[in-house]
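Got your viewer open and your selection tool ready? Let's take a walk through this model, one stop at a time.

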Amino acid sequence: TQFGPCTLRPTICAGLVMMADLKPGEVVLDPMAGGGTISLEGAQMGPQYHLGAEIHDLAIARARDNYRELATRNKLSARPPADFLQWDCLLPCLRDNSVDVIITDLPFGKRSGSKADNRVLYPNTLMAMARVVRSDTGRAVLLTQDKNSMMKSLGKINRYWKSTKWIQTNVGGLTALVFILNRTSHSPCDIK
């Protein structure tokens, strides 16, 4: 019911969730949730706990409104397990190893931010998320149109994340990539 400037289509969000191969009971995080579409689509697809987080207060208000309307709008008997919080994804307020999967739409650097911003944001976000995502079994499904920034970032964070696959897709006329990453056994908390 509430849309932001960079809202993804629900079908794209559902596709990202399917690519994550979620298991029952997993904790799934969208650290840049915007209006919450990825978390809302995922919450309707299986027995996981979805958490959406966003730095912008207007976006998190939209996500919460969308969640409140979810059961009525989609004729569900109850709201599926999900929650939304305001945060800075570079300073995640979650315990170490508390998340199983990250699914997010990274900034493209088109309607908000820039590709120069992404070259700093992407590796820093992946480092911060490596702390909260479970070592060895954790994974991430990341959508971006900024292929160059992502490829450079993967070289900087390859101790914590390994790219297993990337898939080309079309998002509103833009050629984008979905990166599927797996967490390694190394922890950023071990750095001294």
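Below is a list of stops, with what to select at each one.

**Before you start**

Keep in mind that this is a predicted model: local features need pLDDT of at least 70, side-chain atom pairs count only at pLDDT 80 or more, and totals for chains, interfaces and linings use all residues. Residues are numbered from 1 along each chain as its sequence is written, and side-chain values use heavy atoms, with hydrogens and water left out.

**Stop 1: Glu26 and Arg139**

How many salt bridges does a search of the whole structure find? There are five, where a salt bridge is a side-chain nitrogen of Lys or Arg within 4 Å of a carboxyl oxygen of Asp or Glu. For one of them, select Glu26 and Arg139: their side chains meet with N to O at 2.7 Å. Glu26 sits in the loop between α1 (10-19) and β1 (27-30) while Arg139 belongs to strand β5 (residues 139-144), so this pair ties together parts that are 113 residues apart in sequence. (Helices and strands here are DSSP runs, numbered from the N terminus: H or I with at least four residues for a helix, E with at least two for a strand.)

Buried or exposed: which word fits Glu26? Glu26 is buried, with a relative accessible area of 10%, and Arg139 counts as buried too, at 13%. The cut-offs are these: buried is under 20% relative accessible area, exposed is over 50%, and partly exposed is in between, using a 1.4 Å probe and protein chains only.

**Stop 2: Gln48**

Now select Gln48, in the loop between α2 (37-43) and β2 (49-54). Gln48 is buried, at a relative accessible area of 6%. Show its surroundings and, leaving aside neighbours within four places in sequence, you'll find Gln48 in contact (heavy atoms within 4.5 Å) with a list of residues that includes Leu22, Pro24, Val28 and Pro81. Glu26 from the previous stop is also among them.

Add Lys23 to your selection and look at its backbone oxygen, which lies 3.3 Å from a polar atom of the Gln48 side chain. That's a polar contact: a pair of N or O atoms within 3.5 Å, where, within protein, one must be able to donate a hydrogen and the other to accept it, and residues adjacent in sequence count only if both atoms are side-chain atoms.

**Stop 3: Asp21**

Next, pick Asp21, in the loop between α1 and β1. What is the phi of Asp21? Asp21 has a positive phi of about 50°, although it is not a glycine. Asp21 counts as partly exposed, at 48% relative accessibility.

**Stop 4: Asp65 and Arg68**

Head to helix α3 (residues 57-73) and select Asp65 and Arg68, which are three residues apart there, or about one helical turn. They form a salt bridge, with the closest N and O atoms 2.4 Å apart. Asp65 is partly exposed at 27%, and Arg68 is partly exposed at 45%.

**Stop 5: Asp96, Arg131 and Asn97**

Select Asp96 and Arg131 for another salt bridge, with 2.5 Å between the closest N and O atoms. This pair links distant parts of the chain: Asp96 is in the loop between β3 (82-86) and β4 (101-105), and Arg131 is in helix α4 (residues 115-132), 35 residues apart. Asp96 is partly exposed, at 38%.

While you're here, click on Asn97, in the loop between β3 and β4. Its phi is near 55°, a positive value in a residue other than glycine. Asn97 counts as partly exposed, at 33%.

**Stop 6: Ala128 and the cysteines**

Select Ala128 in helix α4, which counts as buried at 10% relative accessibility. Not counting residues up to four places away in sequence, Ala128 touches Cys89, Leu90 and Pro92. Ala128 and Cys89 are 39 residues apart in sequence, and 7.2 Å apart C-alpha to C-alpha.

How many disulfides does the whole-structure search find? Zero, with a disulfide being a pair of cysteine sulfur atoms within 2.5 Å. Select Cys93 to see an example: the closest cysteine sulfur, in Cys89, is 11 Å from its own, too far for a bond. Cys93 counts as exposed, at 53%, whereas Cys13 is buried, at 1%.

**Last stop: Trp161**

Finish by selecting Trp161 and Arg183: Arg183 lies over the face of Trp161, at 5.9 Å from the ring centre. The rule is that NZ of Lys or CZ of Arg must be within 6 Å of the ring centre and within 35 degrees of the ring normal.
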